[in-house]
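Q: Could you take a close look at one part of this model, the place where a ligand sits, and walk me through what surrounds it?

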Amino acid sequence: MSRRSTLRRAAELAAAGLISPAEMPAVERVEKVYAVAVTAAVASLIDPADPDDPIRRQYVPSAAELVTAPEELNDPIGDLAHSPVKGIVHRYPDRVLLTPLLVCPVYCRFCFRRARVGDADATLSEAELEAALAYVAGRPELREVVITGGDPLMLPPRRIEDLVRRLAAIPHLELVRFHSRVPVADPERVSPALAAALRPPESADLAVWLAVHVNHPRELSTLARAALARLADAGIPLLSQTVLLKGVNDRVEVLDALMRALVRNRVRPYYLHHPDLAPGTSHFRTSIAEGRALMRALRGRLSGIAQPTYVLDIPGGAGKVPVGPDYWDEAGACVTDPAGMGHPYRRD
Ligand SMILES: *Cc1c(COP(=O)(O)O)cnc(C)c1O
Ligand code: SF4
């Protein structure tokens with residue numbers, strides 16, 4: 001039911017009260033360039049009376065996207081340059097990305113793959129999937145396959161089960177990791193059958209983890225929390241990824257509430273991403289200095305298990321690295337405590 005009522009056109013967004021009639025011409029221009037989808041579950045979280053609603057800002061298109069800043073790139077983290085076969089991105093020695101499809105439940109206005117997502121024709125054919133799996137099977141140095149997209153939980157449960165079984169049959173793999181926004185964007189899609197499909201066969205010596213993409217505590221609705229519980233109860237270890245977004249979660253109170261809600265729902269915060277240089281997203285970017293200040297504030301407020309690592313994906317494809325803050329000053333032989341006070345500490 002929720003799938004049928006996904007909003008995709010400016011006229012539908014206006015009829016639902018999510019944009020004003022005056023905004024329609026700009027949104028019609030956006031939808032010619034970038035994919036648009038707002039699920040019923042996401043639409044129900046938006047307060048139509050609040051022009052700055054953080055859920056609207058993430059998913060409802062706006063005129064700001066028509067502005068491409070000079071530093072922005074169609075392929076901001078160099079996926080295409082690191083793709084040896086269709087559907088594989090290989091940047092690190094021990095792990096690869098597998099992108100079986102480029103379809104998502106919602107299209108995020110800040111998406112780093114926004115120039116490519118939404119193309120149903122980009123779904124791997126059986127022959128292409130076989131070639132991608134052969135690439136993995138032929139490289140014993142690979143230990144992990146990260147299944148992303150698009151959103152892999154848009155696949156039917158039997159396709160997911162088939163993919164997990166085929167990966168589990170590759171003897172050198174230790175880990176399969178799914179990345180998905182479905183638990184928050186279309187929580188009813190996380191059926192018991194889907195949760196069961198993610199589990200590796202009993203005989204396989206491999207773990208399947210899932211990283212949930214979520215940016216605001218209000219996205220963890222009653223339905224979303226129930227979806228996370230179905231996954232955790234099925235024995236799937238859960239991680240989270242959050243993108244730091246101006247006007248959405250660039251306040252310590254919001255990040256604090258999000259990280260605590262995740263831990264309470266058995267999700268271990270993993271990464272806080274500095275936004276990539278995707279086209280038409282400059283209105284979402286804070287400075288790295290602001291991100292570091294937020295991370296320092298979180299360190300003083302939250303349990304260690306609620307702390308994500310703040311990372312930047314280096315433009316061009318050199319990899320992801322933590323961008324601090326750091327607490328140890330080597331030159332001054334000084335360590336900073338969570339309250340911001342310096343303490344001398346001996347150099348080794
Ligand atoms: C992000 C990414 C990964 C996974 O990186 P982790 O730091 O292990 O989460 C792997 N391969 C590529 C190409 C990536 O972009
Ligand atoms: S779900 Fe992920 S891949 Fe899809 S639009 Fe959002 S950020 Fe992009």
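A: In this predicted model, a good place to begin is the wall of the largest pocket, to which strand E2 (95-98), strand E4 (175-180), strand E6 (238-243) and strand E7 (267-273) each supply at least two lining residues. The volume of this largest pocket is about 820 Å³. Its lining is made up of 40 residues, and those closest to the centre of the pocket are Phe112, Arg113, Thr148, His213 and Gln241. Sorted by class, the lining of the largest pocket has 19 nonpolar, 11 polar and 10 charged residues.

The ligand comes next. Ligand 2 takes up the space of the largest pocket, and the residues around ligand 2 are Cys104, Val106, Tyr107, Cys108, Cys111, Val117, Gly150 and Arg181. When this shell around ligand 2 is divided by class, it holds 6 nonpolar residues, 1 polar residue and 1 charged residue.

The strands that help to line the largest pocket can also be placed in a sheet. This is an open sheet of 9 strands with mixed pairing, in the order E1-E2-E3-E4-E5-E6-E7-E8-E9. Strand E1 (88-89) and strand E9 (319-322) stand at its edges and have a single partner strand each, so one side of each is left without a neighbour in the sheet. Within the sheet, strand E3 (residues 144-147) and E4 run parallel and are joined by 4 bridges, and Val145 stands opposite Val176 in E4. E4 is also mostly covered, since 5 of its 6 residues are buried. Further along, E6 and E7 pair in the parallel sense over 6 bridges, with Val243 standing opposite His273 in E7. As general background, the side chains of a regular strand alternate between the two faces of the sheet.

For contrast, consider another opening in the model, the second largest pocket, which has a volume of about 240 Å³. The second largest pocket is lined by 18 residues, and those nearest its centre are Glu23, Arg56, Val60, Pro61 and Ser62. Here helix H2 (24-33) and helix H4 (54-59) each supply at least two residues of the lining, whereas for the largest pocket such contributions come from strands including E2 and E4. By class, the lining of the second largest pocket has 9 nonpolar, 2 polar and 7 charged residues.

Technical notes
Residues numbered from 1 in each chain as written. Chains lettered and ligands numbered in written order. Predicted model: local features only at pLDDT ≥ 70, side-chain atom pairs only at ≥ 80, totals over all residues. Heavy atoms only, no water. Near = heavy atom within 4 Å. 1 Å grid on protein atoms, 1.4 Å probe; cavity = no way out; pocket = protein on both sides within 12 Å on 5 of 7 lines; lining within 4 Å. Sits in = over half its atoms within 2 Å of the grid points. Nonpolar A, V, L, I, M, F, W, Y, C, P; charged D, E, K, R; others polar. Points joined across faces, edges and corners; volume = space filled by probe spheres on them. Buried < 20%, exposed > 50% of the residue type's maximum accessible area, 1.4 Å probe, protein only. Pairing = 2+ DSSP bridges.
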